[in-house]
Amino acid sequence: MLSILQAIWQADGAFPSGSFAFSYGIEGVVALRPELDQAGLAELAATIIRQRWLTCDRIALVKAFRAAGDLDAIADIDRNVEASTFGSTMRDGSRRNGGSFLASHARLGDVMALRLRGAVRSGICLGHIAVMQGAVWQTMGLSEMLAQLASAYGVASGVTAAAVRLGAIGALEGQKILRGCLPLIETLVAQPVPEDAELSSFVPFLEIAAARHARADLRLFAN
């Protein structure tokens with residue numbers, strides 16, 4: 001029960017991990033497609049989960065979880081995430097989000113977060129959010145399955161919350177989109193992650209939107 005409660009705590013949008021400052025590229029998408037409606041955003045959220053989280057973030061998370069505190073292995077996974085993320089805004093956002101995640105856990109006295117924060121500051125690790133989550137959550141006692149569920153839910157929740165804050169959809173529409181993501185997440189997490197799984201990501205429209213967003217004069221989100 002404690003492991004489940006820990007996962008709920010970590011997936012809660014109120015946890016001060018810094019993710020509220022990131023739109024996962026949604027702000028750029030809304031700027032390009034202001035007519036985007038609930039159906040379009042639901043499709044986009046599912047695409048992000050399938051074509052970015054499942055094939056890149058999830059694999060990085062699981063590999064970092066299985067590394068069981070081995071900083072050399074975690075650093076290698078971190079570098080692979082960097083190489084697998086095409087757009088600089090998405091790379092920077094992932095690292096900044098990971099830094100905020102570590103900062104919160106370090107202030108809570110988490111030993112692994114303190115080690116990782118030192119590794120990032122010294123340049124050993126880059127601090128990508130999925131990698132940092134996998135490493136820290138493993139020491140917190142979450143199971144590999146719960147860590148994946150918390151990660152995927154955090155992405156889906158972050159995407160919908162960003163769309164609501166931008167005024168693209170209403171709060172209830174956002175909840176409908178989030179609810180629709182849950183069966184998809186359950187299905188995808190049920191698939192095992194092989195030891196030799198390679199990271200990949202294919203969300204070109206999102207990366208283009210995020211790159212354009214970086215040059216905007218007025219922004220609500222960092223990416």
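The following exchange examines a predicted model and the reasons behind the terms applied to it.

Biologist: Which elements make up the protein, and in what order do they run?

Modeller: The protein has ten helices and zero strands. From the N terminus on, the order is therefore α-α-α-α-α-α-α-α-α-α.

Biologist: What makes the protein as compact as a globular protein of that length?

Modeller: Its radius of gyration is 16 Å, and the globule rule gives 17 Å for 223 residues; the two values are close, so the description holds. Along the principal axes, the C-alpha trace spans about 45 × 40 × 35 Å. Of the 223 residues, 50% count as buried.

Biologist: How do you know how many disulfides the structure contains?

Modeller: A disulfide is a covalent bond between the sulfur atoms of two cysteines. A search of the whole structure finds zero of them. For C56, the closest cysteine sulfur belongs to C125 and lies 16 Å away; a disulfide requires a pair within 2.5 Å, so this distance is too far for a bond. C181 is likewise in no disulfide, since its nearest cysteine sulfur, that of C56, is 18 Å away.

Biologist: Why is C56 called buried?

Modeller: The relative accessibility of C56 is 0%, and buried means under 20%, so C56 meets the definition.

Biologist: What is the relative accessible area of C181, and how is that residue classed?

Modeller: The value for C181 is 3%, which is under the 20% limit, and C181 therefore counts as buried.

Biologist: What makes the span of helix α5 close to the expected one?

Modeller: Helix α5 covers residues 88-107 and has 20 residues. From its first C-alpha to its last it reaches 28 Å, and 28 Å is expected at 1.5 Å a residue. The buried residues of α5 include M90, F101, L102 and H105; each of these has under 20% relative accessible area, because that is what buried means. Just after α5, G109 takes a positive phi of about 90 degrees.

Biologist: Why is I4 called partly exposed?

Modeller: The relative accessible area of I4 is 41%; buried means under 20% and exposed means over 50%, so I4 falls in between and is partly exposed. Its place is in helix α1, residues 2-11.

Biologist: Which residues form a nonpolar patch on the surface with I4?

Modeller: M1, L2, L5 and I8 form the patch together with I4, and the accessible area of the group is about 580 Å². A patch takes residues with over 30% relative accessible area, and I4, at 41%, therefore passes that limit.

Conventions
Residues numbered from 1 in each chain as written. Predicted model: local features only at pLDDT ≥ 70, side-chain atom pairs only at ≥ 80, totals over all residues. Heavy atoms only, no water. Patch = residues over 30% accessible without salt bridge, like charges linked within 9 Å, V, L, I, M, F, W, Y side chains within 5 Å. Areas by Shrake-Rupley, 256 points an atom, 1.4 Å probe, with all protein chains shown as cover. Salt bridge = Lys/Arg side-chain N within 4 Å of Asp/Glu carboxyl O. Helix = DSSP H or I, 4+ residues; strand = E, 2+ residues; numbered from the N terminus. Buried < 20%, exposed > 50% of the residue type's maximum accessible area, 1.4 Å probe, protein only. Expected span 1.5 Å × (residues − 1). Rg over C-alpha atoms; globule rule 2.2 N^0.38 Å.
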